[in-house]
Amino acid sequence: MERKDTTSTIIRSEHNIKTAVEQMRKELFEYGFICRTIKKLQAEVQDLGNLVKAERDTSKAIVYWGSETQKSNKIVDPTADAVSNIIDKYEAQVVYVNQKLHDLYMKKNRVEENIDMLDDLERKLIELRYFKKLRWYEVARGVEYSERHCRRMDNAILNKLVQI
């Protein structure tokens, strides 16, 4: 009975390692996309920030103009309310985009930390395969090993990264 439990534990452990290796492979393949997306989102945050600033300036002008012509606080200016709603929407969008940026930076940093733990040959193999998206025969040519050996090295590297 004890032997069956040990065998099932080993099988589950191997399955977990394979799953973790596949997840690591996916993260490595996504690295370039993550970097490009970060640049786009940074530009989007800047654009949204500029829009919020412009809308705030417009809102201040409307409120100032309204206070000159309207002597009562009881009258609500629908234009000022509309501008305020627009500002709120932009600010919510900025918060959302900043959260996405934070998540992407976390993924990017995790990949970079893993890559920093590798030696030069391992790093070069990972960069060629996952960042430059070369085929195995091109990777093999780049590191001057056989394609089969490169595939073995890839599996060993991913297992190493998963177990760190």
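These legends go with a set of close-up views of a predicted model.

**View 1. The whole chain is built from helices, with no strands at all.** Count the elements and you get five helices and zero strands. Reading from the N terminus, the order is simply α-α-α-α-α. Of the 164 residues, 28% are buried. The protein exposes about 11,700 Å², and carbon and sulfur atoms supply 54% of that area. If you look at contacts with a separation of 6 or more, 71% of them link residues 24 or more positions apart.

**View 2. The largest nonpolar core holds 20 residues.** L28, L125, I126 and C150 have the most contacts inside this core. Five elements each give two or more residues to it: α1 (2–69), α2 (78–116), α3 (120–131), α4 (136–143) and α5 (147–163). Which helix gives the most? That would be α5, with five residues. A second core sits apart from this one; it has nine residues, among them I34, L41, V97 and L101.

**View 3. Zooming in on C150, one of the residues with the most contacts inside the largest core.** What does C150 touch once its neighbours within four places in sequence are set aside? The list is L125, W136, V139, A140, V143 and Y145. L125 is itself on the list of residues with the most contacts in that core.

**View 4. Here α3 crosses α5.** The two helix axes come within 10 Å, at a crossing angle of roughly 105°. Angles from 65 to 115 degrees count as roughly perpendicular, so that is the label for α3 and α5. On the α3 side, the residues involved are L121, E122, L125, I126 and Y130. They meet C150, M153, D154, I157, L158 and K160 from α5. Sorted by class, this contact has eight nonpolar residues and three charged ones, with no polar residues.

**View 5. A closer look at Y90, a residue of helix α2.** Is Y90 buried, partly exposed or exposed? Its relative accessibility is 23%. Buried means under 20% and exposed means over 50%, so Y90 counts as partly exposed. Leaving out residues up to four places away in sequence, Y90 touches L48, L51, V52 and E55. For a distance to check in your viewer, try the C-alpha atoms of Y90 and V45: they are separated by 9.8 Å, while the two residues are 45 apart along the chain.

Notes:
Residues are numbered from 1 along each chain as its sequence is written. This is a predicted model: local features need pLDDT of at least 70, side-chain atom pairs count only at pLDDT 80 or more; totals for chains, interfaces and linings use all residues. Side-chain values use heavy atoms; hydrogens and water are left out. A nonpolar core is a set of buried Ala, Val, Leu, Ile, Met, Phe, Trp, Tyr and Cys residues joined through side-chain atoms within 4.5 Å. Buried means under 20% relative accessible area, exposed over 50%, partly exposed in between (1.4 Å probe, protein chains only). Helices (H or I, at least four residues) and strands (E, at least two) are DSSP runs, numbered from the N terminus. Contact means heavy atoms within 4.5 Å. Axes are lines fitted to C-alpha atoms, for helices over the stretch in contact, and angles run from 0 to 180 degrees between N-to-C directions. Angles under 35 degrees count as roughly parallel, over 145 as roughly antiparallel, 65 to 115 as roughly perpendicular and the rest as oblique. Ala, Val, Leu, Ile, Met, Phe, Trp, Tyr, Cys and Pro count as nonpolar, Asp, Glu, Lys and Arg as charged, and the others, Gly among them, as polar. Accessible areas come from the Shrake-Rupley method with a 1.4 Å probe; for residues, only the protein chains shown count as cover.
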